[in-house]
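Biologist: Could you take me on a close look at one part of this model, the second largest pocket, and at the charged pairs that go with it? I would enjoy a connected account rather than a list.

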Amino acid sequence: RTLLFLSLCHTIVIDQKKGTYNAASPDELALVNAAKQFGYEFKGIDKNDKMSIWNKYTDKLMKYQLLHVCEFNSTRKRMSVILKDQDGKIILISKGADSVIMERLSEESKNGEVLQRTQEYVDICANEGLRTLFLAERVIDSWEYQEWEKQAQKAKLAVNNRDELVAEADEIIEKDLELVGSTAIEDRLQDQVADTIQFMKKAGIKVWVLTGDKIET
């Protein structure tokens, strides 16, 4: 289930000429490529906002209607997608910093064995310097989604304080989540960053780097 969700919870688009993924962040690219490698390949979104996922194990193409994206930013530290599956069920899938997702888990998930085991894995990965995320979901009733969508659209069309209103709307729907799993990604520097920092230090420029939201990383 975790791999399927990784193939769905993103904003990647496919370059039709090159046949490659275009991602807003290297983390998102790494996670979708990992899902593809392990059998759940994102095949693109059509003009009707339907996401296609090729399941290697069943040799079938699965279709999910993309209803809404709650976008990532540095304050939210998470992103979510709301989808309708082939059975008509509406699902919210969220991925983000473990501390942020943990606050939005249902009481059952907060007190469950899955959280304890997952937190142990995340701590081990964080101590190795890997960047970690929690992945969670919630099934949404159709009536609840319809009422929330009205508020979300109103926030998007607001002239004043649009970002704040959109964030408030997203906050309403991202709640009572069930923990599904976690991810860990090696945080590698981009090309020539290390050489550039070394050059700056030789020039007598002091460099501080602050990153991440976990003490371990």
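**The second largest pocket and its charged pairs**

Modeller: Happy to. By class, the lining of the second largest pocket holds seven charged residues, along with five nonpolar and three polar ones. Please keep in mind that this is a predicted model. The pocket encloses about 270 Å³ of space, and 15 residues line it. Those nearest its centre are Glu71, Asn73, Asp163, Val166 and Asp170.

Where does the lining come from? Helix H7 (162–173) and strand S5 (60–70) each supply at least two residues. H7 gives the largest share, with six residues.

Asp170 is a good residue to follow from here, as it is among those nearest the pocket centre. Its side chain meets that of Arg76 in a salt bridge, at 3.9 Å from N to O. With a cut-off of 4 Å for such a contact, the pair counts. This salt bridge links distant parts of the chain: Arg76 sits in the loop between S5 and strand S6 (78–84), whereas Asp170 belongs to helix H7, 94 residues apart. Are the two partners buried or exposed? Arg76 has a relative accessible area of 7%, so it is buried, and Asp170, at 4% relative accessibility, is buried too.

The pair also has company. Arg76 and Asp170 are part of a network of salt bridges that includes Arg78, Glu103, Arg104, Glu171 and Glu174. As a general point, side chains of opposite charge can pair when their charged atoms come close.

For context, how many salt bridges does a search of the whole structure find? There are 17. One of them joins Arg131 to Asp27, with the closest N and O atoms 2.6 Å apart. Arg131 lies in strand S8 (residues 130–140) and Asp27 in helix H2 (residues 26–37), so this pair ties together parts that are 104 residues apart in sequence. Asp27 is buried, with a relative accessible area of 17%, while Arg131 is partly exposed at 29%.

Helix H2 takes part in another salt bridge, between Lys95 and Glu28, where the closest N and O atoms are 3.6 Å apart. Here too distant parts of the chain are linked, with Lys95 in strand S7 (residues 90–96) and Glu28 in helix H2, 67 residues apart. Both Lys95 and Glu28 are buried.

How values were computed
Residues are numbered from 1 along each chain as its sequence is written. This is a predicted model: local features need pLDDT of at least 70, side-chain atom pairs count only at pLDDT 80 or more; totals for chains, interfaces and linings use all residues. Side-chain values use heavy atoms; hydrogens and water are left out. On a 1 Å grid over the protein atoms alone, a cavity is a set of points where a 1.4 Å probe fits but cannot get out, and a pocket is an open set with protein on both sides within 12 Å along at least five of seven lines; lining residues have an atom within 4 Å of a point. Grid points are joined across faces, edges and corners, and a volume is the space filled by probe spheres set on the points. Helices (H or I, at least four residues) and strands (E, at least two) are DSSP runs, numbered from the N terminus. Ala, Val, Leu, Ile, Met, Phe, Trp, Tyr, Cys and Pro count as nonpolar, Asp, Glu, Lys and Arg as charged, and the others, Gly among them, as polar. Buried means under 20% relative accessible area, exposed over 50%, partly exposed in between (1.4 Å probe, protein chains only).
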